[in-house]
Amino acid sequence: FPTRRSSDLARPDFPLDLTTHQGQMVLREFMGWFVEELIEFQSATNHNDRCEELSDCYHFLVEIYLMLGMDESDLPYGFVQLPLLPQSPISVWPTINAVLVVGQLLKLKPWKRTAPPVDISTIKLRMQQAAYAFSFLINNMGLTLDDLNELYMDKHRVNVQRQESGY
């Protein structure tokens with residue numbers, strides 16, 4: 001499980017302060033990118049492309065975990081250690097639903113001056129549920145967490161090269 005952000009883009013320090021507009025907006029932004037990558041995974045037509053998209057999803061899941069002050073110990077019990085379910089359909093919707101529930105917990109909109117207190121423990125629990133749903137996608141692709149970490153690091157190297165070349 002990676003322990004650092006993969007990008008040097010200007011971002012607030014981790015963990016985010018979810019009592020601020022900035023903290024909630026950054027989290028929403030990354031949750032949106034996570035969902036976008038899940039849709040790209042669902043749309044991919046071959047195994048290699050699906051693996052690459054899954055790696056991109058994992059990147060954003062890791063970023064969100066770090067933003068919330070979470071780490072590998074916060075992954076759900078049995079993450080990616082589920083029994084393989086042969087020929088079961090792969091659906092991103094349980095993962096997307098879990099992430100959307102987190103978005104509903106972020107009540108500080110740009111036009112609001114005040115919001116109810118943020119229940120960070122519930123947000124973390126919901127992200128664990130998203131990670132658990134995501135683990136079914138990993139499992140159904142026949143990947144282990146080690147495989148996914150390797151894909152993640154390979155893609156990280158590509159992303160660093162892209163950033164250095166002004167991609």
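**Figure 1. H21 and its neighbours in this predicted model.** Let's begin with H21, which lies in helix α1. Is H21 buried, partly exposed or exposed? With a relative accessible area of 28%, H21 is partly exposed. Now look for K112: it sits 91 residues away from H21 along the chain, yet the two C-alpha atoms are separated by 8.9 Å. Once you leave aside its neighbours within four places in sequence, H21 is in contact with L108, K109, P110 and K112.

**Figure 2. The whole chain, made of five helices.** Try tracing the chain from the N terminus: its elements run α-α-α-α-α, and you'll find zero strands. Of the 167 residues, 41% count as buried. How much of the contact in the chain comes from residues 24 or more positions apart? Taking contacts with a separation of 6 or more, such residues account for 79%.

**Figure 3. Helices α1 and α3, side by side.** Two packed helices are described by the angle between their axes and the distance between the axes. For α1 and α3, the axes come within 10 Å and cross at roughly 170 degrees. Angles over 145 degrees count as roughly antiparallel, so α1 is roughly antiparallel to α3. On the α1 side, the contact is made by R28, M31, F34, V35, L38 and I39. On the α3 side, look for W93, T95, I96, V99, V102 and G103.

**Figure 4. Helices α2 and α5, packed at an angle.** Here's another pair to look at. The axes of α2 and α5 are 9 Å apart, and the helices pack at about 90 degrees. That angle makes α2 roughly perpendicular to α5. Which residues meet here? From α2 come C51, E52, L54, S55, D56, Y58, H59 and V62. They meet L145, L148, N149, L151, Y152 and K155 of α5.

**Figure 5. The two faces of helix α5.** First, a quick check with a ruler: at 1.5 Å a residue, the 20 residues of α5 (residues 145-164) should span 28 Å, and the end C-alpha atoms are indeed 28 Å apart. Which residues of α5 are buried? They are L145, L148, N149, Y152 and K155. Seen down the helix axis, these buried residues fall within an arc of 130 degrees, so they line one face of α5. Turn to the face pointing away from that buried side and you'll meet the exposed residues D146, E150, Q161 and E164. What covers the buried residues of α5 includes α2 (47-67) and α4 (120-140). Just after the helix, G166 takes a positive phi of about 75 degrees.

**Figure 6. Helix α4 and the helices it packs against.** With 21 residues, α4 reaches 30 Å from its first C-alpha to its last, close to the 30 Å expected at 1.5 Å a residue. Its buried residues are I123, M127, A130, A131, A133, F134, S135, L137, I138, N139 and N140. Where do those side chains find company? The buried residues of α4 pack against α1, α2, α3 and α5. Just after α4, G142 takes a positive phi of about 80 degrees.

**Figure 7. M141, in the loop between α4 and α5.** Is this loop residue buried or exposed? M141 has 10% relative accessibility, and buried means under 20%, so M141 counts as buried. Its C-alpha atom is separated by 8.4 Å from that of R50, although M141 and R50 are 91 residues apart along the chain. Apart from its neighbours within four places in sequence, M141 is in contact with F41, H47, R50, C51, L54 and I90.

**Figure 8. The largest nonpolar core, with its 42 residues.** In soluble globular proteins, nonpolar side chains tend to be buried together. Which members of this core touch the most other members? They are L27, F34, L54, M127 and F134. The elements that give two or more residues to the core are α1 (21-43), α2, α3 (93-105), α4 and α5. The largest share, 11 residues, comes from α2. For a closer look, pick M127: leaving aside its neighbours within four places in sequence, M127 is in contact with L61, I64, Y65, L68, M70 and V102.

Methods
Residues numbered from 1 in each chain as written. Predicted model: local features only at pLDDT ≥ 70, side-chain atom pairs only at ≥ 80, totals over all residues. Heavy atoms only, no water. Helix = DSSP H or I, 4+ residues; strand = E, 2+ residues; numbered from the N terminus. Expected span 1.5 Å × (residues − 1). Buried < 20%, exposed > 50% of the residue type's maximum accessible area, 1.4 Å probe, protein only. Arc of directions from axis to C-beta. Contact = heavy atoms within 4.5 Å. Core = buried A, V, L, I, M, F, W, Y, C linked by side-chain atoms within 4.5 Å. Axes fitted to C-alpha atoms, helices over the stretch in contact; angles between N-to-C directions. Parallel < 35°, antiparallel > 145°, perpendicular 65-115°, else oblique.
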